[in-house]
There are 2 protein chains.
Amino acid sequence: MSKERLVVAVCGATGAVGREMLNTLEQREFPAAEVIPFASARSAGNKVPFMGGELTVRELTEESFRGVDIALFSAGGSTSEKFAPHAVQAGCVVVDNSSAWRMDERCPLVVPEVNAHALAAHNGIIANPNCSTIQMVVALKPLHDAARITRVVVSTYQAVSGTGQKAIDELEKQVRQMFNMQEPDVAVYPHRIAFNCLPQIDVFMDNDYTKEEMKMVLETVKIMEDPSVKVTATCVRVPVFYGHSESVNIETERKLSAKEARAILAQAPGVRVYDNPAQKMYPMPTDAAGEDDTFVGRIREDETIANGLNMWIVSDNIRKGAALNAVQIAEALVERDLLRVRDPQLFLR
Amino acid sequence: MSKERLVVAVCGATGAVGREMLNTLEQREFPAAEVIPFASARSAGNKVPFMGGELTVRELTEESFRGVDIALFSAGGSTSEKFAPHAVQAGCVVVDNSSAWRMDERCPLVVPEVNAHALAAHNGIIANPNCSTIQMVVALKPLHDAARITRVVVSTYQAVSGTGQKAIDELEKQVRQMFNMQEPDVAVYPHRIAFNCLPQIDVFMDNDYTKEEMKMVLETVKIMEDPSVKVTATCVRVPVFYGHSESVNIETERKLSAKEARAILAQAPGVRVYDNPAQKMYPMPTDAAGEDDTFVGRIREDETIANGLNMWIVSDNIRKGAALNAVQIAEALVERDLLRVRDPQLFLR
């Protein structure tokens with residue numbers, strides 16, 4: 001039941017990611033007959049820009065999905081948990097950007113460059129991975145295929161846009177306040193983010209890792225479909241608006257020289273090798289913001305172990321880390337003729 | 001020849017670290033009869049604040065050191081290379097904050113909490129380690145003593161003040177320009193630092209590591225006096241004014257639980273354990289700025305290896321990372337009666 005012109009819902013359309021989803025659907029000329037923006041009652045009636053005009057935001061309800069073919073959700077975990085099952089019941093396929101369904105065995109967790117094949121088994125809800133996981137696996141999967149990665153030590157440098165528009169506003173406000181000799185207001189994060197580093201993203205778990213760190217550990221294994229890839233992560237928020245950076249150390253079964261790794265990554269889909277120290281060329285958030293590719297540089301051998309590599313991975317957390325990856329999943333569903341729901345009641349039982 | 005009242009020179013007294021050296025000498029009531037600020041001819045005649053009054057900056061020349069007992073240098077590598085040998089020739093002991101003498105076998109490289117004993121063998125020049133190395137070894141040495149560290153994977157989040165006053169000014173100026181819709185001027189760093197991350201600190205070496213990264217590798221071994229400690233580093237500049245942060249992953253010979261590590265660090269000199277996830281308490285640059293201690297938190301076991309730990313180490317890069325450590329070395333020299341030069345011609349031959 002591949003369709004030329006689909007009805008697409010964007011749920012959470014007024015948020016930073018929702019707006020970028022609309023933008024991405026437009027830029028990539030997604031075959032949509034109609035795009036309907038949904039949000040909470042509070043935002044209903046607002047306008048969002050689309051295709052040179054404006055769309056009026058509707059209130060998201062359990063009845064919103066009649067006649068909708070595909071829904072892109074980016075409205076938080078509790079909204080996804082509540083509404084995605086009703087979307088599926090209405091025969092609508094959901095691509096969900098929250099963490100609600102990611103580790104659910106019934107839901108594929110997909111980065112199209114890495115495991116698009118997993119879409120074939122979907123049951124109506126496909127989960128979009130965490131932003132910091134997506135860009136890491138885009139870069140690591142081709143190296144894993146070539147040399148088998150056994151261990152990953154990653155430290156992140158994550159932009160405030162990952163938290164949403166309110167965090168973008170908070171960083172800007174705090175900077176203005178500090179430059180006007182005022183005490184900065186702290187509301188979105190537990191501590192000031194302006195000119196600071198916060199080694200906490202999301203809540204703490206029982207093992208003293210944050211939920212964000214555990215997402216990187218668990219989602220990587222699910223997407224790479226290989227429990228032998230062991231990941232340990234430290235996730236840190238930095239005062240950057242757009243673009244997550246990651247310092248990634250890997251250990252591989254087979255030796256991979258920096259030159260080999262560069263050559264493999266140069267051929268990898270979704271990756272741009274940006275690695276020329278002599279020209280002071282390396283990935284930075286300022287380069288990646290607004291771009292689709294995941295940038296990889298600072299590739300060099302780690303001499304402390306036999307088969308080690310260090311690298312620096314940067315991507316636009318709102319695009320590849322969220323909106324773009326969700327739209328790519330939607331495109332893959334259309335291409336592979338997978339816009340179908342096998343069991344409409346599955347997530348309501 | 002321990003002296004109660006010494007003549008102390010501060011070379012590079014108008015820079016960010018030089019000013020903090022003066023500040024630290026004052027705060028710690030260093031037993032100085034006289035403190036003389038030196039700088040280049042360009043800065044001579046300027047005033048610097050000291051003990052409620054002001055000192056007049058003098059031009060640094062080869063003849064500046066007659067009658068000076070101890071000189072604290074923070075005026076860049078080439079100035080140290082040129083003038084430190086003349087200081088020693090005049091019988092003055094030098095504590096040098098540049099990288100010029102750090103790997104010289106004739107010069108101890110000292111963090112007083114870690115290897116103050118190495119001062120006994122000095123020949124007139126004692127090197128102050130790199131800022132990012134100092135705070136790391138303060139935290140790692142007690143863990144090494146307890147469990148033998150075999151491997152360290154570190155990623156840094158370094159403040160602009162490490163580059164000096166001109167970089168502090170540049171970050172501030174770029175932020176103001178961007179908030180006024182102007183194109184930010186880029187002068188000190190190769191790329192914009194405002195709301196960005198730069199994975200380059202100091203110049204690139206032949207192995208594609210930066211000099212800063214290799215400092216962390218080589219200086220750690222020299223200070224810890226153990227070539228079996230293998231370090232691999234990724235050094236990154238972030239838009240923070242004061243306070244370097246480090247995400248540090250260690251592997252040890254003997255298993256160390258997070259709880260044991262916390263208990264060991266709680267007893268360690270110069271370390272403050274700041275680790276209570278339930279209270280959202282962890283080290284941040286905003287806490288460390290202006291403090292003497294190195295803050296350690298986010299201590300947790302790394303399950304990807306048998307004996308692994310992750311931690312997050314933050315310190316004021318201008319204080320413990322530079323000025324304070326240099327003054328602590330000077331204090332140890334006085335306490336241990338080591339203000340003597342054995343061979344005045346050594347560094348001139």
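In this predicted model, residues 7–122 of chain A have end C-alpha atoms that lie 19 Å apart, and the span is 25% helix and 27% strand. An unreviewed UniProt entry annotates residues 7–122 of chain A as "domain: Semialdehyde dehydrogenase NAD-binding".

**Sheet and covering helix in chain B**

In chain B, an open sheet of six strands follows the order β5-β2-β1-β6-β7-β8, with parallel pairing. Its edge strands are β5 (58–59) and β8 (125–127) of chain B, each of which pairs on one side only. Within this sheet, β6 (residues 70–73) and β7 (residues 93–96) of chain B run parallel and are joined by four bridges. The residue that stands opposite A71(B) in β7(B) is V94(B). Helix α9 (residues 319–335) of chain B lies across β1 (6–11), β6, β7 and β8 of chain B. The direction of helix α9 of chain B is at about 165° to β6(B).

**Relation between the chains**

A turn of 180° with a shift of 0.0 Å along the axis lays chain A on chain B with an RMSD of 0.0 Å. That is the relation of a two-fold axis. The same surface serves both copies, in that 100% of the contact residues of chain A recur in chain B.

**Annotated positions in chain A**

The unreviewed UniProt entry gives the annotation "active site" to C131(A) and H244(A). These residues span 114 residues in sequence, yet no two of their C-alpha atoms are more than 8.2 Å apart, so they gather at one spot. The unreviewed entry also places a "binding site" feature at R102(A). The table gives the burial of these positions.

| Residue | Relative accessible area | Class |
|---|---|---|
| C131(A) | 13% | buried |
| H244(A) | 0% | buried |
| R102(A) | 4% | buried |

Each class follows from the cut-off, because buried means under 20% relative accessible area.

C131(A) has its place in helix α4 (residues 131–147) of chain A. Beyond its neighbours within four places in sequence, C131(A) is in contact with Q158(A), E212(A), H244(A), N317(A) and G321(A). The other residue with the "active site" annotation, H244(A), lies in strand β11 (residues 244–252) of chain A. With its neighbours within four places in sequence left aside, the contacts of H244(A) are C131(A), S132(A), Q135(A), Y157(A), Q158(A), A159(A), G162(A), R237(A), I313(A), V314(A), S315(A) and N317(A). Q158(A) and N317(A) are thus among the contacts of both C131(A) and H244(A). The side chains of H244(A) and Q158(A) are also joined by a polar contact of 3.4 Å.

R102(A) is found in the loop between β7 (93–96) and α3 (112–115) of chain A. Not counting residues up to four places away in sequence, R102(A) touches N97(A), C107(A), L109(A), A127(A), N128(A), P129(A), N130(A), K215(A), E219(A) and K222(A). For one of these residues, N128(A), the backbone oxygen lies 2.8 Å from a polar atom of the side chain of R102(A).

Definitions and conventions. Residues numbered from 1 in each chain as written. Chains lettered and ligands numbered in written order. Predicted model: local features only at pLDDT ≥ 70, side-chain atom pairs only at ≥ 80, totals over all residues. Heavy atoms only, no water. Least-squares fit on C-alpha atoms with pLDDT ≥ 70 in both. Contact = heavy atoms within 4.5 Å. Pairing = 2+ DSSP bridges. Helix = DSSP H or I, 4+ residues; strand = E, 2+ residues; numbered from the N terminus. Axes fitted to C-alpha atoms, helices over the stretch in contact; angles between N-to-C directions. UniProt positions renumbered as here; feature names shortened; annotations may be inferred. Buried < 20%, exposed > 50% of the residue type's maximum accessible area, 1.4 Å probe, protein only. Polar contact = N/O pair within 3.5 Å; in protein donor to acceptor, adjacent residues only side chain to side chain.
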